[in-house]
Amino acid sequence: MNTSPKAVRFDDDKLWVSLADGRTIAAPLAWFPSLLQATPAQRAQVELSKCGLHWDALDEDISVSGLLAGQPDLSRRGAHLTAK
């Protein structure tokens with residue numbers, strides 16, 4: 001199954017990712033503070049790769065596998081606190 005991202009869009013509170021296998025997944029923008037606070041122009045500068053999404057100017061990377069697992073961006077919010 002090919003889960004490469006094919007398109008990205010946003011609404012007021014969600015990130016939507018269309019996958020090569022036909023699925024569309026969504027995640028709350030609140031999970032990704034840099035995207036939540038970014039302008040529409042900054043959000044539009046996304047680079048798609050085989051495994052995820054990258055915003056160079058925002059220093060943000062999101063993996064498709066993380067989205068599919070329902071995993072928010074923990075890198076800036078004390079990820080070490082949730083690891084056991």
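Asp59 comes out as exposed, at 55% relative accessibility. I start with this residue and work outwards. Please keep in mind that what you see above is a predicted model.

Where does Asp59 sit? In the loop between strand E5, residues 52–55, and strand E6. The backbone there has something to look at: Asp59 is not a glycine, yet its phi is positive, about 55 degrees. Asp59 also belongs to a surface patch of negative charge, together with Glu47, Asp56 and Asp61. Of these, Asp61 is part of strand E6, which covers residues 60–63.

Asp61 takes us to Val46. Their C-alpha atoms are 9.5 Å from each other, and 15 residues separate the two along the chain. Val46 itself is in a loop, the one between helix H2, residues 40–43, and strand E4, residues 47–48. Is Val46 buried or exposed? Neither; with a relative accessible area of 23%, Val46 is classed as partly exposed, because buried means under 20%. Leaving out residues up to four places away in sequence, Val46 has contacts with Val8, Leu53, His54 and Trp55.

Now the overall layout. The protein chain contains 4 helices and 6 strands. Read from the N terminus, the order is β-β-β-α-α-β-β-β-α-α. The chain has 84 residues, and 29% of them count as buried. Its exposed area is about 5300 Å², with 52% of that coming from carbon and sulfur atoms. On contacts: taking those in the chain with a separation of 6 or more, 36% are between residues 24 or more positions apart.

Next, the N-terminal part. Asp13 is in the loop that links strand E1, residues 5–10, to strand E2, residues 14–19. Its relative accessible area is 48%, so Asp13 is partly exposed; the exposed class begins over 50%. What does Asp13 touch, not counting residues up to four places away in sequence? The list is Ala27, Pro28 and Leu29. For Pro28 there is also a backbone distance: the C-alpha atoms of Asp13 and Pro28 are separated by 5.9 Å, with the two positions 15 residues apart along the chain.

On to salt bridges. How many does the structure hold? The count is 1. The side chains of Arg23 and Asp21 form a salt bridge, with an N to O distance of 2.7 Å. Both partners are partly exposed: Arg23 has a relative accessibility of 35%, and Asp21 has a relative accessible area of 26%.

The last residue is another aspartate, Asp73. Asp73 lies in the loop between helix H3, residues 64–68, and helix H4, residues 79–82. Is Asp73 buried or exposed? Buried, with a relative accessible area of 9%. Apart from residues up to four places away in sequence, Asp73 is in contact with Trp31, Phe32, Pro33 and Glu60. Glu60 is in the list of Asp73 contacts, and strand E6 spans residues 60–63.

To recap the aspartates: Asp59 is exposed, Asp13 is partly exposed, Asp21 is partly exposed and paired with Arg23, and Asp73 is buried. That is the end of my talk.

Conventions:
Residues are numbered from 1 along each chain as its sequence is written. This is a predicted model: local features need pLDDT of at least 70, side-chain atom pairs count only at pLDDT 80 or more; totals for chains, interfaces and linings use all residues. Side-chain values use heavy atoms; hydrogens and water are left out. Helices (H or I, at least four residues) and strands (E, at least two) are DSSP runs, numbered from the N terminus. Buried means under 20% relative accessible area, exposed over 50%, partly exposed in between (1.4 Å probe, protein chains only). Contact means heavy atoms within 4.5 Å. Accessible areas come from the Shrake-Rupley method with a 1.4 Å probe; for residues, only the protein chains shown count as cover. Patches are made of residues with over 30% relative accessible area and no salt bridge: like charges are joined within 9 Å, nonpolar side chains (Val, Leu, Ile, Met, Phe, Trp, Tyr) within 5 Å. A salt bridge is a side-chain nitrogen of Lys or Arg within 4 Å of a carboxyl oxygen of Asp or Glu. Lys and Arg count as positive and Asp and Glu as negative; His and the chain ends are not counted. The place of a charge is taken as NZ of Lys, CZ of Arg, CG of Asp or CD of Glu.
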